[in-house]
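Have a look at the structure below and keep it beside you while you work through these exercises. Try each task before you read its solution.

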Amino acid sequence: MSLTQIFIFAALGLLAGRFYKVFSRNWLLFVASALAVFWLQPASPVRNLFFILPAVSLGLAAVVWALTVPADYALNKQDASAAGSLAGLVLLLSASRYFDPVCCLTASRPPQMEITLLVVAVLAVFGFLVYRLGRGRAAFLNFGILLIIAILIVLKSPSLAEWAGRGIRGLSGQDASLASSIDIGWLGFSYIAFRLIHVLRDRLAGRLPQVSLRDFVTYIVFFPALTAGPIERIERFAPQLQSEFHLDGNRLLGAGRRLVVGLFMKFVLADGLAFFALNPTNAQQVDSTGWMWVLLVAYAFRIFFDFAGYTHIAIGLGLLFGILLPENFDRPYTKPNITAFWNSWHITLAQWFRSYYFNPLTRGLRTGNMPPWLIVMLAQLSTMALIGLWHGITWNFLVWGLWHGVGLFVHNQWLQLTKSRSAFAAVPSQVSTLLTFGYVSLGWVWFALPEPDNAMRVLRTLFGVGA
Amino acid sequence: MNSDKISLPRLLLKSFALFAALNLLFAFVNPMPAIGKVSLYNWLLPGRERLPYGDDPARSYNLNLYSLEAMFASHQLVGAPKSAEEFRVFVMGDSSVWGFLLENEDTLTGALNQTGLQSADGREVVFYNLGHPTISLTKDLMILDYAMQYEPDLIIWPVTLESFPFNKQTSSPIVQNNLDRIRNLIPRFNLAIDASRSDLPEENLFDRTLIGQRRNLADIARLQLYGFSWAATGIDVFIPEEIELRATDLEANEDYYGLLPPELPQNFLALDVLQAGIDMAGETPVLIVNEPIFVSDGANSAVRYNSFYPRWVYDAYRALMQNESSARGWPYVDLWQAAVNTEFTNTPIHLTPQGTLEFAEAIITELANRFDFQP
């Protein structure tokens, strides 16, 4: 989100907060979130993709809703209105191409009406079929999860993304040889996918609350959390839509504080540190050990302020509309060990993996005869490897994940060891905090640098080896 | 206070009033010069070896800005108190002095400093690069005016014809953004620049507010932030692997800013600005140097020396400078052929490291002759 977009969202919250007696907050959030998906989506070198991807995001949300409603669910008037509104909004946006004064909310001029009609029709037919044939059925729910994971893998893997780019370019009549891995820049899909998998899994487990189509779509593409999370849980989000809300002084101040802190963190601190934080270019230019540490520490704080700043902004914007999003950071660099770090860094992502991967895996492994240490090692290494790969299916994110997996495992074993030998536990907290920060910072080398040679060069320079 | 009773319109009104008051206060106090002097350079970060300039900040860790205070505060000159053993030499000029497409050690001052010269009284001669990549004598004069507080013992001022025409004196962005300084120089030195010209607009109140100065404030902050990368890498210029060389084949065009042969009118050139620099320096000697140019041997080279200069105008300029310097008693040396033709890069005045070395050697010879400098 740009500064302008944040200010416009905040202004909308301020203005709308005065008129909830006149119109429904939930409908406003639904419409605003649906429009924001289009507004925030950046331009794409592939023709019309900037419009089709947001439409598919909304379509996917509607289809998954249709898949997760109970088998005996009967569509009501509000659901029909929401479905009609979604289709109407998409068509209206497409029609704006013919009206220059209001064109365009999207990054480029929307596609011609017949293309949009085709996209809407395909999604509508697909949603209807899913609703009629698949709702609540485990096979469909599992297939839905696999499909979302498959899309995520394609988008996150550079070679597969390029292959998909070639295919889409071919379909749109463009030169496929110009395809690149960044052709399909699907805004917010990483977070949309995790919310969708969360509801599909919870539906399979029978613990998904019943939510209307309108509120479900709002949950999936809620605009403050669309681009950078946090990953809210539906059972926490949906009830907030049902409670009455008016924007009073307390809430305004609370939201304002979060926004100011977030804007300062993101646009002053993070963007300021970005001028000299470690990157693939300066990693090759610096030979001094001291300066390399400065660059690395700058990167560590840059990524924190960037991400935590966005979280503050998302929470602040959410508060303006009466939605309290979950915290994503809790002073992670002050934590005395790597386990505490991961309880306070990207909290909602870690919780998601804990709920849907780590815990089920650990339970499964315990049924065999594996020793506990091996279960812990396998669970932690694979969980952190997946968290790494969620950022991108490349070797450097994998190594970054494994680096943290090893850290978590070693810390776990250290705790087992020091339980019986209290002398080992007497490490001063400042020292352990510093060690943890150092370990996490060294991990950022892999995160920041896609090229292995570059990363190894930086590590050698950091320790004065062969520099 | 019960925050539930906060009135949104009153809150917005108060916020607006406070913001407006802050802007007005900023405009009246005008803290920009003081802010420009606040710098991380020369204490937390090493001073830069040349004034900030960068068309590609992300790759050169350098940027264009217009606050002379901030530019000088980032320069090593400010962080180097003059000792009794130092003979301080300022080298003024355009991009060929600043060192376009050259690392610091390869610039003119880099080459001059590597010779380890001593002055006649045995002091170590230290050359400071005060070049700035825009061509205007008035810009040089403005920089010299600011730099004089740092006590030079000698000023070397390489010039080329392009920096002389009156119509080029105030067009560069750094001059346009320091018009108060120019207006101050005009009466002090009786410069023939019309202060009421439309391209010298008066700064209005809005320009001095916080909003009006936001770009300058951001530039000052960015200069500090790029300082970390400069300190870590030593890079302050981006040099592409492929450089498009200056043109060799030229158009048969004898026009020079509307002038045609044979006459180059003296009032076409801002000679008064050169005189002002010498007057400004006072007791400090100023050596004016006509810097090397590329001499083409390609198509139409009988008409033009290069893409900058028709032969007739450049020959007339050299003759005029020789006559004027003799008449006015300016220390002047014409080094227009001090570098061989193969050592020019992307323009007729930008030199390779080797070409710069040749230029520096010619200057050193002149310094030895005129000021008895010893290697």
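**Exercise 1.** In what order do the strands of the open sheet in chain B lie, and which of them stand at the edges?

*Solution.* Start with the order: in this predicted model, the sheet has 5 strands arranged as β2-β1-β3-β4-β5, with parallel pairing. Next, look for strands with a single partner: these are β2 (124–129) and β5 (332–334) of chain B, so each has one side without a neighbour in the sheet. Finally, check the twist: neighbouring strands are turned by 20° against each other on average, direction ignored.

**Exercise 2.** Over how many bridges do β4 and β5 of chain B pair, and which helices lie across them?

*Solution.* First, find β4 at residues 286–290 of chain B; β4 and β5(B) pair in the parallel sense over 3 bridges. Within this region, B:V289 stands opposite B:V333 of β5(B). Now add the helices. Helix α13 (residues 311–328) of chain B lies across β4 and β5, at about 160° to β5(B). Helix α14 (residues 353–371) of chain B lies across β3 (154–159), β4 and β5, at about 145° to β4(B).

**Exercise 3.** Why does the radius of gyration of chain A agree with that of a compact globule?

*Solution.* Begin with the make-up of chain A: 19 helices and 0 strands. Then compare the radii: a compact globule of 467 residues would have a value near 23 Å, and chain A has 24 Å, so the two agree. To complete the picture, buried residues make up 42% of the 467 residues in chain A.

Methods:
Residues numbered from 1 in each chain as written. Chains lettered and ligands numbered in written order. Predicted model: local features only at pLDDT ≥ 70, side-chain atom pairs only at ≥ 80, totals over all residues. Pairing = 2+ DSSP bridges. Helix = DSSP H or I, 4+ residues; strand = E, 2+ residues; numbered from the N terminus. Axes fitted to C-alpha atoms, helices over the stretch in contact; angles between N-to-C directions. Contact = placed C-beta atoms within 7 Å. Rg over C-alpha atoms; globule rule 2.2 N^0.38 Å. Buried ≥ 20, exposed ≤ 12 C-beta atoms within 10 Å, placed from the backbone.
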